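Morning, everyone. I have one structure to walk through, and I'll keep it brisk. Please have a look at it first.

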Amino acid sequence: MRVMGSETEYGIHAPSAPGANATMMSARIIQAYANLTRQRAAGGAETRWDYTDEEPLHDARGWTVERSAADPSQLTDRPPVLDAEAVALAYGRQELEADGSDESGSLLMNMVLGNGARLYVDHAHPEYSSPEVTNPRDIVAWDAAGDLVALATVRKVAADPELPSINLYKNNTDNKSVSYGSHENYLMPRSVPFGDIVRGLTPFFVTRQIICGAGRLGIGQDGSTPGFQISQRADFFEAEVGLETTIRRPIINTRDEPHATADKYRRLHVIIGDANLSQVSNYLKFGTTALVLSLIEAGQAPKIEVHEPVAGLQAISHDTSLTATVRLLDGRRVTALDIQWMYYEAAAKLAQETGVSDSFSGDGHTRDVLERWESTLGLLGSNPAGAAGSVEWLAKMSLLDGYRNRDGVEWNDARLGLVDLQWSDVRPEKGLYYRMLSRGRMQTIVDDATISRAVAEPPSDTRAYFRGKCVSSFGKDVVGASWDSVIFDVPGIGKLQRVPTREPLRGTEALTGQLFRKHATAGAFLRELLGLDPAPPPGPQAG
């Protein structure tokens with residue numbers, strides 16, 4: 001079992017308001033979803049994020065960066081703020097009055113959802129952070145649920161004739177030297193030395209893109225060199241190891257912010273992946289990485305080191321023929337496929353030796369990930385076109401090649417740039433990924449009904465169940481929540497009650513579901529959960 005989660009920052013654009021401030025537009029997106037869900041907490045506001053336990057400047061290498069030395073983008077432990085003028089521009093005065101908001105700029109930019117996820121403004125983009133799950137199939141479902149959340153906000157804004165329409169894109173760059181993230185999180189034992197993680201993961205991350213890259217038109221950070229490449233993010237990485245996520249991006253991120261019992265767990269924060277619409281690419285991205293972490297924990301990761309990993313990452317991304325080689329420190333020159341086969345064979349060997357056919361949750365995911373990994377690598381080596389129905393960069397390249405062949409255009413033709421962008425549009429009637437999906441040209445892992453349920457329901461087997469059910473059942477009494485806790489303000493209970501949730505595998509439906517089904521009020525729920533004194537009986541009625 002491996003606790004994991006995803007984070008997606010959506011590209012944002014208002015076609016009729018090209019000069020609009022991205023932070024304002026993103027805030028409007030969050031407010032739109034709050035208006036849709038009406039998850040009201042104490043005081044008439046939504047369930048807001050609790051920043052108490054955020055520690056973004058702790059470094060896994062053993063130190064903490066001084067706030068004065070940190071880039072402002074690293075200070076994610078305090079909420080974003082819009083001033084009064086920006087608020088009026090972002091929401092419109094009429095909408096403010098309807099929502100009962102004040103003029104201080106204290107408006108919703110950060111909320112916890114009933115499915116246990118977080119929706120907020122991050123670096124001028126709307127971001128959906130999935131609830132914690134325990135296997136790659138569930139991550140596909142709850143990550144795709146974020147796309148439906150994004151779609152709902154686009155529809156809500158478009159329905160207001162007084163607001164400019166806003167489009168959201170599940171991609172990673174505007175091709176104007178700006179990149180935004182698609183991050184992964186994996187829980188692993190604190191006892192594993194961080195140096196082992198770096199050595200074990202670096203070659204894997206340099207080459208993983210060939211099975212889960214989302215594909216990108218243009219070479220270089222600004223995309224000005226004509227061509228097509230495997231990864232949207234590769235050209236934006238400049239370091240091998242580091243704490244930053246928006247500048248000097250490292251292959252291995254060292255943020256040490258476990259959001260769990262700190263002496264027991266490490267949360268590995270991965271920033272090098274692309275945002276995937278392809279379900280199989282997303283499944284393999286999380287599934288193979290989880291298996292490699294098991295290799296590292298067992299001391300059985302391949303003993304290889306890439307000479308100049310950043311240069312190798314970019315060289316591999318720029319070579320869609322998959323024949324480019326990178327030099328290892330032992331002098332060998334190998335392809336990305338060679339390295340991926342090394343990791344696959346080590347993972348298959350570990351599964352066989354330990355007799356563990358499933359390292360996730362007892363329902364066959366490990367075996368399925370290994371089989372899909374093997375078959376994908378086999379196709380990439382022998383018949384790449386045959387993998388276009390599952391590997392996203394190949395699907396996108398096939399689509400772009402179709403336009404090129406039909407119209408006789410080169411890679412730098414502006415029309416191809418529009419096709420590249422339209423691939424990632426979250427609107428099914430506009431997004432080219434969804435068009436290919438509807439025609440049966442993209443393989444899936446989970447069905448539409450499962451994704452729709454994941455929009456409203458939390459996973460049953462992690463603490464996300466407790467968080468999500470608190471919001472959906474007792475939202476008016478929840479004044480804050482985070483990965484680590486839920487905070488109640490209940491009339492008749494004298495003070496704020498913070499319920500800690502530092503153990504990710506507690507707070508599950510098996511442990512707390514009956515309690516939620518038993519109690520209709522937050523007061524009764526908390527009194528039993530926390531062992532508080534029962535509520536006093538009502539006093540005598542005045543005659």
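Let me start with a pocket. Which residues lie nearest the centre of the second largest pocket? They are Thr173, Asp174, Lys176, Tyr180 and Leu421. In total, 29 residues line this pocket. Its volume is about 730 Å³.

Where does the lining come from? Four elements give two or more residues each: strand S2 (11–13), helix H1 (22–37), strand S10 (216–219) and helix H11 (414–423). Helix H11 makes the largest contribution, with five residues. By class, the lining of the second largest pocket splits into 15 nonpolar, nine polar and five charged residues.

Before going further, a word on confidence. This is a predicted model. Mean pLDDT for the chain is 89, and 86% of the residues reach 70 or more. Two stretches need care. Over residues 40–45, pLDDT stays under 50. The model still gives that stretch 16 contacts beyond four places in sequence. Residues 90–105 also stay under 50, with 32 such contacts in the model. Where pLDDT is low, the predicted coordinates should not be read in detail.

Now the sheet. It is open, it has six strands, and the pairing is antiparallel. The strand order is S5-S6-S7-S1-S9-S14. Strand S5 (110–112) and strand S14 (265–270) sit at the edges. Each has a single partner strand, so one side of each is left without a neighbour in the sheet. From one strand to the next, the twist averages 20°.

Take the S14 end. Strand S9, residues 182–189, pairs with S14 in the antiparallel sense, over six bridges. Within that pairing, which residue does Pro189 stand opposite? Tyr265 in S14.

Next, the helices on this sheet. Helix H5, residues 194–212, packs on the sheet and touches S9 and S14. The direction of H5 makes about 25° with that of S14. Helix H4, residues 136–158, lies across three strands: S1 (4–9), S6 (118–122) and S7 (125–129). Helix H4 runs at about 25° to S1.

On to enclosed space. How many cavities of 30 Å³ or more does the structure hold? Five.

The largest cavity has a volume of about 80 Å³. Helix H5 comes back here, giving four residues, the largest share of the lining. The lining residues of the largest cavity include Phe205, Arg208, Gln209 and Cys212. Also among them are Ile272, Asp274 and Leu313. By class, that lining has four nonpolar, four polar and two charged residues.

The second largest cavity holds about 40 Å³ of space. Which elements give two or more residues to its lining? Strands S1 and S9, plus helix H6 (279–297). So the sheet strands turn up again. Among the lining residues of the second largest cavity are Ser6, Glu7 and Thr8, then Ser182 and His183. Asn282, Lys285 and Phe286 also line this cavity, as do Asp143 and Lys170. Its classes are two nonpolar, six polar and four charged residues.

To recap: a pocket of about 730 Å³, an open six-stranded sheet, and five cavities of 30 Å³ or more. And keep residues 40–45 in mind, where pLDDT stays under 50, along with residues 90–105, where pLDDT also stays under 50. That's all from me.

How values were computed:
Residues numbered from 1 in each chain as written. Predicted model: local features only at pLDDT ≥ 70, side-chain atom pairs only at ≥ 80, totals over all residues. Heavy atoms only, no water. Pairing = 2+ DSSP bridges. Axes fitted to C-alpha atoms, helices over the stretch in contact; angles between N-to-C directions. Contact = heavy atoms within 4.5 Å. pLDDT = per-residue confidence, 0-100. 1 Å grid on protein atoms, 1.4 Å probe; cavity = no way out; pocket = protein on both sides within 12 Å on 5 of 7 lines; lining within 4 Å. Points joined across faces, edges and corners; volume = space filled by probe spheres on them. Nonpolar A, V, L, I, M, F, W, Y, C, P; charged D, E, K, R; others polar.
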